[in-house]
Amino acid sequence: MKRFLLLSLLLLAGLTIFADAGINIQRQHARVIFSFSGISNLQGYKLIQTHVGYYAKEDDKRPYARLGTIINDDDHTINIQEGGKNWDESDRDIYLSLVDSLTGKTVDSFEYFAKDYSIHFKIAGVKDGRMQYRTDSTRAVYQYLLLNGEGDNAAAFRRNRLIFIACSAVGFMLLIGLFVRNKNKNSK
């Protein structure tokens with residue numbers, strides 16, 4: 001009976017380890033957020049996030065509509081979160097194109113690698129066919145949510161992260177206490 005319990009415990013421990021951190025498996029990385037301000041300064045131009053395999057609406061006849069998602073306002077954000085598994089990689093590159101809204105031709109393009117840092121684009125305008133902008137980057141924070149959608153800001157994520165760490169530490173201490181108590185009981 002002891003062997004059966006020991007083998008069952010080892011099997012469950014192995015399954016727990018595999019489910020939590022398994023071989024070549026990682027949890028999702030922190031979500032990277034690209035945000036924009038100053039889109040209204042792009043008079044006569046459109047900023048477009050280009051996609052591979054993007055399907056535009058057939059009724060949109062603008063010359064740039066088929067290129068990708070049009071970034072029209074300052075509230076537009078682009079969220080990218082890497083899946084983490086080696087065989088389930090997500091796209092981590094973001095492609096932006098500055099398009100002349102009259103001709104539909106791309107005059108400037110950008111590529112950013114989306115990992116570990118969120119980027120905010122502050123757009124000043126267009127000069128000589130080039131977009132004038134400045135970027136501010138902040139470290140991406142993993143979204144520890146207690147309830148779905150609660151506290152959607154970095155301070156709430158840090159607070160929730162500390163709560164999860166504290167609960168894990170308390171659970172670990174309780175586990176050690178139970179092992180010590182059980183050992184002392186069996187040794188008497």
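## Close-up views of the predicted model

**View 1. Salt bridge between R130 and D108.** R130 and D108 form a salt bridge in which the closest N and O atoms are 2.9 Å apart. Because R130 lies in strand β8 (residues 130–139) and D108 in strand β6, the pair ties together parts that are 22 residues apart in sequence. The two partners are listed here with their accessibility. D108 has a relative accessibility of 7% and counts as buried, while R130, at 46%, counts as partly exposed. The structure shown here, as in every view, is a predicted model. A search of the whole structure finds 2 salt bridges.

**View 2. Salt bridge between K122 and D136.** K122 forms a salt bridge with D136, and their closest N and O atoms are 2.8 Å apart. K122 belongs to strand β7 and D136 to strand β8, so the pair ties together parts that are 14 residues apart in sequence. K122 is partly exposed, with a relative accessible area of 32%. D136 also counts as partly exposed, at 31% relative accessibility.

**View 3. The open sheet β4-β1-β7-β8.** This open sheet consists of 4 strands in the order β4-β1-β7-β8, and its pairing is mixed. Strands β4 and β8 are the edge strands, each pairing on one side only. On average, neighbouring strands of the sheet are turned by 20° against each other, direction ignored. β1 and β4 pair in the antiparallel sense over 4 bridges. V32 stands opposite I80 in β4.

**View 4. Surroundings of I119 in strand β7.** I119 has its place in strand β7. With a relative accessible area of 12%, I119 is buried; the cut-off for this class is under 20%. Leaving aside neighbours within four places in sequence, I119 is in contact with I33, F34, S35, Y112, T135, D136 and S137. D136, one of these contacts, is also the salt-bridge partner of K122. I119 and I78 are 41 residues apart in sequence, and their C-alpha atoms are 9.8 Å apart in space.

**View 5. The open sheet β3-β2-β5-β6.** In this open sheet, 4 strands follow the order β3-β2-β5-β6, with antiparallel pairing. Its edge strands are β3 and β6, each of which pairs on one side only. Neighbouring strands are turned by 25° against each other on average, direction ignored. Strand β2 (residues 45–50) is joined to β5 by 5 bridges, and the two run antiparallel. Within this pairing, Q49 has L96 in β5 as its bridge partner.

**View 6. The hairpin of β5 and β6.** β5 and β6 form a hairpin with 5 residues between them. G104, in the turn, has a positive phi of about 80°. The two strands run antiparallel and are joined by 7 bridges. One of the residues to follow along this ladder is S97, whose bridge partner in β6 is S109. β6 also holds D108, the salt-bridge partner of R130.

**View 7. The largest nonpolar core.** The largest nonpolar core has 20 residues, and those with the most contacts inside it are F34, F36, L47, I78, L96, F121 and I123. Each of the strands β1 (32–37), β4 (77–80), β5 (93–100), β6 (106–113) and β7 (117–127) supplies at least two residues of this core. Not counting neighbours within four places in sequence, L47 is in contact with F36, I39, L42, T69, I70, I71, L96, S97, F110, I123 and M131. F36, L96 and I123, which appear among the contacts of L47, are also listed with the most contacts inside the core.

**View 8. H76 in the loop between β3 and β4.** H76 lies in the loop between β3 (68–71) and β4. At 17% relative accessibility, H76 counts as buried. Residues up to four places away in sequence aside, H76 touches F34, S35, F36, T69, I70 and I71. T69, I70 and I71, which are touched by H76, are also in contact with L47.

**View 9. Confidence along the chain.** The protein has a mean pLDDT of 76, and 71% of its residues reach 70 or more. Among the elements, helix α1 (residues 2–21) has the lowest mean pLDDT, 68. The highest mean, 90, belongs to β7, the strand that contains I119 and K122.

Conventions: Residues numbered from 1 in each chain as written. Predicted model: local features only at pLDDT ≥ 70, side-chain atom pairs only at ≥ 80, totals over all residues. Heavy atoms only, no water. Core = buried A, V, L, I, M, F, W, Y, C linked by side-chain atoms within 4.5 Å. Buried < 20%, exposed > 50% of the residue type's maximum accessible area, 1.4 Å probe, protein only. Contact = heavy atoms within 4.5 Å. pLDDT = per-residue confidence, 0-100. Salt bridge = Lys/Arg side-chain N within 4 Å of Asp/Glu carboxyl O. Pairing = 2+ DSSP bridges. Axes fitted to C-alpha atoms, helices over the stretch in contact; angles between N-to-C directions.
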